[in-house]
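User: Could you take a close look at one part of this model for me? I'd like the sheet first, and then whatever sits around the ligand.

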Amino acid sequence: MVGKRIYLDYNATAPLLPAARAAVIDALEAFNPSSVHAEGRAARRIVEDARQAVAALVNGRPEHVVFASGATEAASTLLTPDWTMGRARLRFSRAYVSAADHPSLLSGGRFPAGQVERIGVTRNGLVDLDGLERALAAHDKVRGLPLVAVHAANNETGVIQPVEEIGRLVKAVGGVLIVDAVQAAGRIPLDVSAGYADFLILSSHKIGGPKGIGAFVGASDLMMPAALVTGGGQEKGHRAGTENVAAIAGFGAAAREAATALGETATMRLMRGRIEDAIRQVLPDAVIHAEAAPRLPNTVFFTIPGMKAETAQIAFDLAGIALSAGSACSSGKVGPSHVLQAMGFDDALGALRVSIGPQTQEKEIDAFTAALESIIRRRKSASAAA
Ligand code: PLP
């Protein structure tokens, strides 16, 4: 491999933004934000500035932002049967998740496995609204309320879910809607004050901030989940433990940039179009998944007929291009895509995911096209020789 590597795997993690890096470094020596002395107050200011920036990204209120160690922890906190409304206890008896959700929602958090129900998705990756409506109609309210958790945009396909519609169905039965907005943040506008969702979940490293920090943002703080991490009274008792000031500062800086990037997604959309044109030209029989559904401007998920996505991914990697075969698996190995399976594909070959970001350049798309052509040409000559 010659030259600089090309990174087209933003949905796994976005490159750290220079502003986020600077904010992290500046805040590394901050003191305890709970201390009342001047040093503590300075650290508190860093945390509260970041809280404002995170709230602004989703048109929320800073006092409704709770920082956690990432979106996974935020989901585990929110997916619980035990909630409070003021001093009153509130009980949710069943969680409804979408079959194409991220594992952090699919796991059902603190709900017992038997109380988690999966709602199917269509062949285009959209939540089956009729299926959800039927499940909610059959919900036994005597036992407790329904809690619904869905993603706003899928990490593998980029499919954007009709969250307003889902919110209407959930509100009609008095339930709570939690929206995993991790992949949507900075790519499509999000508005927690619009009322369709009760909570949005965010992750810093998907928008160019550091890893290991995220948040949940409420439409209000009337109803809150029982804390997952208990101990001190940090984050108003909703998440104990001394705040990770440096990571929070980096998250805040990334959130500020993500809000600006929202106005510049047209370029990304054009580049996505060029990627898809190249795929269609080189591989007329390739399947671009969920092509007909509304999708994020940065994601293309496609299957190469007759070639395992894993094999193609290695070939791209050797050509200096980082992209992924499905989602970034925590264990490092590539497993079958539960998203493709939920969409009704047999997933024998898997699919390649190209995900770009505001820093992606035209010449990188050209390099992707050239590598794709070369990989397919080599495969053709190998099969002709065999
Ligand atoms: N939700 C979605 C849609 C994601 O893509 C991810 C990360 O891959 C997560 C949640 C988990 O985020 P974190 O890494 O902050 O725990």
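Analyst:
**The open sheet and the ligand shell**

Keep in mind that this is a predicted model. In it, four strands form an open sheet in the order β11-β12-β15-β14, and their pairing is antiparallel. The edges belong to β11 (287-288) and β14 (324-325); each has a single partner strand, so one side of each has no neighbour in the sheet. Looking at the β14 end, this strand pairs with β15 (residues 352-355) in the antiparallel sense, over two bridges. You can find the register from Ala325, which stands opposite Leu352 in β15. Then there's a helix on top of this: α8 (residues 265-282) lies across β11, β12 (299-303) and β15, and runs at about 15° to β12.

Now for the ligand. Which residues are around the ligand? The list is Gly70, Ala71, Thr72, His102, Ser104, Asn155, Asp180, Val182, Gln183, Ser203, His205 and Lys206. Sorted by class, that shell has eight polar, two nonpolar and two charged residues.

For the polar contacts, start with Asp180: one of its polar side-chain atoms lies 2.7 Å from a nitrogen atom of the ligand. On the oxygen side, Gln183 has a side-chain N or O atom 2.8 Å from a ligand oxygen. Ser203 also puts a polar side-chain atom 2.7 Å from an oxygen atom of the ligand. As for burial, the ligand taken alone exposes 390 Å², and the protein buries 85% of that.

Methods. Residues numbered from 1 in each chain as written. Predicted model: local features only at pLDDT ≥ 70, side-chain atom pairs only at ≥ 80, totals over all residues. Heavy atoms only, no water. Near = heavy atom within 4 Å. Polar contact = N/O pair within 3.5 Å; in protein donor to acceptor, adjacent residues only side chain to side chain. Areas by Shrake-Rupley, 256 points an atom, 1.4 Å probe, with all protein chains shown as cover. Nonpolar A, V, L, I, M, F, W, Y, C, P; charged D, E, K, R; others polar. Pairing = 2+ DSSP bridges. Contact = heavy atoms within 4.5 Å. Axes fitted to C-alpha atoms, helices over the stretch in contact; angles between N-to-C directions.
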